[in-house]
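Work through the exercises below with the sequence and the model open. Each task is followed by a solution in steps.

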Amino acid sequence: MSREVTYRVGLIGPEDLVARHPALRREITVQVHDLDADPWPVDAALRWVGREVPRVDGEAKVTGAARYTYDVHPHGLAFAGVLGSPHAHARVVAVDDAAARAVPGVLAVRTFAGRRVTYAGQIVAAVCAENPRALDDALAALRVEFEPLPAAVTTEDALAPDAPRVEPGRTEGNLHAPPEPGNRAAVDEAFAAAPVRVAAEYRTSVQTHSCLEPHGCVAQVHPDGTATVWASTQATSFFARGRFSRELGVPEARVRTLTEHMGGGFGSKFGALEWDVIAAGFARETGRPVQLMLPRRLEHLLGGNRPDSIQRLELAGTADGVFLGLKGETFGTAGNGPGGAGAANHSVYRIPALWMRQSEVATFTARGAAFRAPRHPQGFFALESLIDLYAARLGADPLEVRRRNDPHPVRQAQWELGAERFGWAAARARRDAGPLRRGAGCAAARWLNAGRPPWQVDLTVRADAGVLVANAAQDIGTGMKTVLAAVVAEELGIEPGRVQVRLGDTRDPAGPGSGGSTTTASLAPAAREAALRAREALAARLAEHWGVPAAEVRSPAGGFEGPEGRRASFAEACRLIGDEEVRVQGTRRPNWAGPFGETAGCQFAEVEVDTETGVVRVLRVVAVHDAGRVLNPLTARSQVNGGVLQGISYALYEEKRLDRALGDMVNPTLDTYRILGLADCPRVEVLLTSLEAGFNNCGAMGLGEPATVPTAAAVANAVFHALGVQVRELPMTPARVLAALEEAPR
Amino acid sequence: MKAFRFLRPRTLAEASEALRREPGAVPKAGGVDLLDRWKERVEEPEVVVGLCDVTDGAALRLEEDGALVLGALATLADLAGSDLVRRFLPALARAADQAASPQIRHRATLGGNLAQATRCGYWRLRSFPCLLRGASRCPVREPGGVQETAGIFANDPCASAHPSSVAPVLGALGAEILVGGGPEGGRGLAFEALWRAPEPGRSDVLALEPGELIRAVRIPPSAHPVRVGHAEVRQRAAFDWPLVTAAVGLTLDADRIREARVWLGSVAPTPHRARAAEAALTGRRLAEVRATFDGRAAAEGATPLPGTAYKAGLVAVAARRALADALERS
Ligand SMILES: Cc1cc2nc3c(=O)[nH]c(=O)nc-3n(C[C@H](O)[C@H](O)[C@H](O)COP(=O)(O)OP(=O)(O)OC[C@H]3O[C@@H](n4cnc5c(N)ncnc54)[C@H](O)[C@@H]3O)c2cc1C
């Protein structure tokens, strides 16, 4: 079933770094499945993989030709929408929908009278209408009678002893605390003996995903008992599961789900959510295709969010910069749902004595959702800030302190590379006299993911040498199509332009949801195996054609060779296919135990703070990341750029603002919910330490999430360096910066 | 958005006539502000008078007496790009150029900018109570209120803030407003007379008579040298309103300040005139104010809420910087 393959893995580039760190390359032996392709060794000469192949759908996107769920308008389309509660906690006493039903063009109305709503925006009624105008009029005509109930929308309010409870019967109130870790005494002892201790409380705010394309779908039930759904989802293969297909009245197996293009997900779009299920019900009820896309306000309220956090941390260390222990008590709220447990992320550094309790707090706010590296940006902000506080206490270089405690060999090389490119020493030496102060900071990133089985990728070759690669997974904007085209082109020895990639259609084999930064590393190896199968199939046809044993046909890059000088190009071999097609499949095999299992990264930021106004601008960022083997530097850099920009936005601007008494969001628009814009973008330099990681036949690992993990922390540390005082709450708004400066000892 | 009847007059005179004829009709210029209000159904006009086809409202002219007349339908991009404005009113050109984003500046008109409504989220979202929309109290002022961008002057009973960053510069330039447009012509209004103080249950911000429109803004000529500077505190560099805007206009007698005009934006329900700062500057020598003016006089009379305490400091900084800009530039 398998063969043993010994090959060299490790750092592929940049070259000078490889020369300086010979230990980052080594030989390993793995058990390769018989049907799988041999992994590429670290020094493999590859033609397309690792090259900057432009996005295959770039033109469609920039010209507007790309079709998003919003753009799908099947004949006879009806429009649906929902009405959200303005109260954070209330009973829906009655919904009077008579006026709404009377609006010309209204097809159906659903109401949720009797429902106890536990967050603002929670759906209390829904309408389906002939056109958007009738829909809007009908939603406005709904009269809902609420009995408002007391609510608590902040973590602190929800923890008050007399706070109203999200789950009424729960004796522990709104606090969901895990059992106390048992090693408290030992850790306290380590702290008591430690020469240096620093403690601080850090806070982060709720960040909404703010996908440009809001959540939603178009659902259509066909007379033959099948259904088609176009969904803005990062899990096309599973969208129609469960309640959704039940409401649709069509078994999941007969529902075709499509995601041609995706306008952002960031973790918030796994599976059908409540409004999607409502759309499915309307589609069945009206017999019409129905589109339901959330308007921006509800997108902010219901579309998911990164929970906030309160993190009380204490770090103990030696006088010369070695960490001895970390204690932490954190609280976070993901509203009604789970997942708000502050943050962890003590895992980058060597920390011998660790005590950490992370509690979730239920509040009367809409549920959180996975958001690009759940918990990490907030956790790294706190811990990396505390490390800088410790370094400042010692009068030590915070970069040196990190390097002393960082066991990861790749990140050690990255710190070195990043510091050099950034000009760390010079940036740290700078002291400004005027009101504009510059500062430099850094922080680490980590991630752990090499993709996973068991996905299948279909590959079809036709006589005209056209290749089609297909899987139901969605390209949520990362460039998956482009990467798969390059991997297949590499294996077949043809140009990527010859390879068409079809993603986001459940007629093709199921694919993974885009989560955990796993999609590329999950599918690329299967695509490569499929291409290998295609090569073998073509070789077999040639053998038959040439009348030689199959074993005697070899396929070096870009063609085929047989005995006695016989040769055929890929195109010539394809001609033998005739009217048929060659259809093969590749499988994602289980990961091997590669030696570079945890991806590493670090970022450096320089900021300028106006000490009179509190306005922070990020001037430049150097981001160093490992993503296993970088399959396409262009799309990889684009991931890092996006992660960095989203991280800066988190550090400086983004905050879901709720009225504490009324519980509703006062900034649910894209002008009042501030997001980093073009004019605020710094120069971002991305350095990729490509690394054959040894887990799969492509060497690929994940990148989308780690790219945003350290940014806010690096920016916060740069602000600390600029001001000499920490701003301990994100986002670092002018008000917070000025308050921190005011409290600073002068 | 509720459906409305849409009228499309060709001239300002026709537009005012339409407004007079149709009580409750609303003039729409670029629609940058209005469309959001309508979509949210904060306002549901029955009749809208579109100014998109009006051909006599966008001119930027230098009059014979040296006055500059800026048509209300000129866009912010027109102002920023006009040679006339850049030459004679550079601070205005810069303010227009820093507002919003390129796309918005090509759509947003001068008249609409002055008449724009507050950005207060409570007013702009129908689901929130708001004093101006009939609630008994202003929730921004209550303990749970989100206050960061609220007003710090004249903020009782309504804590809204007029967000224009262009208005303060016009105030500092000593601008007057030409309103009217009917066949009988128009009238001139002192700059501050354009706005009304907020009243419970009333959302309109302008003190115009029924049927009146802003026709133009007139910058009168000055017999004395004038220096104008402006400064904004912006959290984001674009696609946003400043947290605070300050503009300073100085009329000079040699090196002495004959008259000072200090205007602030985003701090009160209407553009706010900082009279104490004007008094602190008037009659002083330039060298003296350059050395001593710390801007704090501009914040005199502020009554910040807990969440806006920081804005009083920003006002002082912005006023000081606006003065430095005035002294440095012109
Ligand atoms: C993201 C964003 C950022 C922005 N940033 C800034 C900024 O930095 N600085 C700044 O100053 N502004 C800023 N703005 C506001 C923008 O400049 C105004 O919304 C715009 O100027 C309004 O002009 P309009 O022609 O579109 O007005 P409309 O939306 O058409 O009208 C606005 C109001 O003015 C009234 N009105 C329009 N014309 C007249 C007239 N001739 N006579 C009487 N009433 C009239 C209307 O009835 C309505 O009440 C920003 C807007 C956005 C969306």
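**Exercise 1. Polar contacts of the ligand**

How far does a backbone N or O atom of B:Gly30 lie from an oxygen atom of the ligand? Work on the predicted model, then add the contacts of B:Arg234 and B:Asp240.

Solution.
- Step 1: For B:Gly30, the distance from a backbone N or O atom to a ligand oxygen is 2.7 Å.
- Step 2: B:Arg234 uses its side chain, where an N or O atom is 2.8 Å from an oxygen atom of the ligand.
- Step 3: B:Asp240 uses its backbone, with an N or O atom 3.0 Å from a ligand oxygen.
- Step 4: The cut-off for a polar contact is 3.5 Å.
- Step 5: The ligand taken alone exposes 980 Å², and the protein buries 96% of that.

**Exercise 2. The shell around the ligand**

Describe where the ligand lies and what surrounds the ligand.

Solution.
- Step 1: Place the ligand between chains A and B.
- Step 2: The shell holds 34 residues, and those that come nearest are B:Pro27, B:Gly30, B:Gly31, B:Thr109 and B:Ser165.
- Step 3: Sort the shell by class, which gives 19 nonpolar, nine polar and six charged residues.
- Step 4: H7 of chain B supplies the largest share, four residues.

**Exercise 3. A salt bridge inside a helix**

How many residues apart are A:Arg184 and A:Asp188 in helix H6 of chain A? Describe their salt bridge.

Solution.
- Step 1: The closest N and O atoms of A:Arg184 and A:Asp188 are 3.2 Å apart, and the cut-off for a salt bridge is 4 Å.
- Step 2: Both residues belong to helix H6 (residues 184-193), and because they are four residues apart there, about one helical turn separates them.
- Step 3: A:Arg184 is partly exposed, at a relative accessible area of 30%.
- Step 4: A:Asp188 is also partly exposed, at 29%.

**Exercise 4. A salt bridge between chains**

Where do B:Arg119 and A:Asp671 lie, and are they buried or exposed?

Solution.
- Step 1: B:Arg119 and A:Asp671 form a salt bridge, with 3.1 Å between the closest N and O atoms.
- Step 2: B:Arg119 sits in the loop between helix H7 (110-115) and helix H8 (121-124) of chain B, and A:Asp671 in the loop between helix H17 (633-652) and strand E29 (683-688) of chain A, so the pair joins two chains.
- Step 3: Both B:Arg119 and A:Asp671 are buried.
- Step 4: Extend the search to B:Arg37 and B:Asp33, whose side chains meet in a salt bridge of 2.8 Å, N to O; both are buried.
- Step 5: A network of salt bridges links A:Asp671, B:Asp33, B:Arg37, B:Glu43, B:Arg119 and B:Arg124.
- Step 6: Over all chains the count is 92 salt bridges.

How values were computed: Residues numbered from 1 in each chain as written. Chains lettered and ligands numbered in written order. Predicted model: local features only at pLDDT ≥ 70, side-chain atom pairs only at ≥ 80, totals over all residues. Heavy atoms only, no water. Buried < 20%, exposed > 50% of the residue type's maximum accessible area, 1.4 Å probe, protein only. Near = heavy atom within 4 Å. Polar contact = N/O pair within 3.5 Å; in protein donor to acceptor, adjacent residues only side chain to side chain. Areas by Shrake-Rupley, 256 points an atom, 1.4 Å probe, with all protein chains shown as cover. Nonpolar A, V, L, I, M, F, W, Y, C, P; charged D, E, K, R; others polar.
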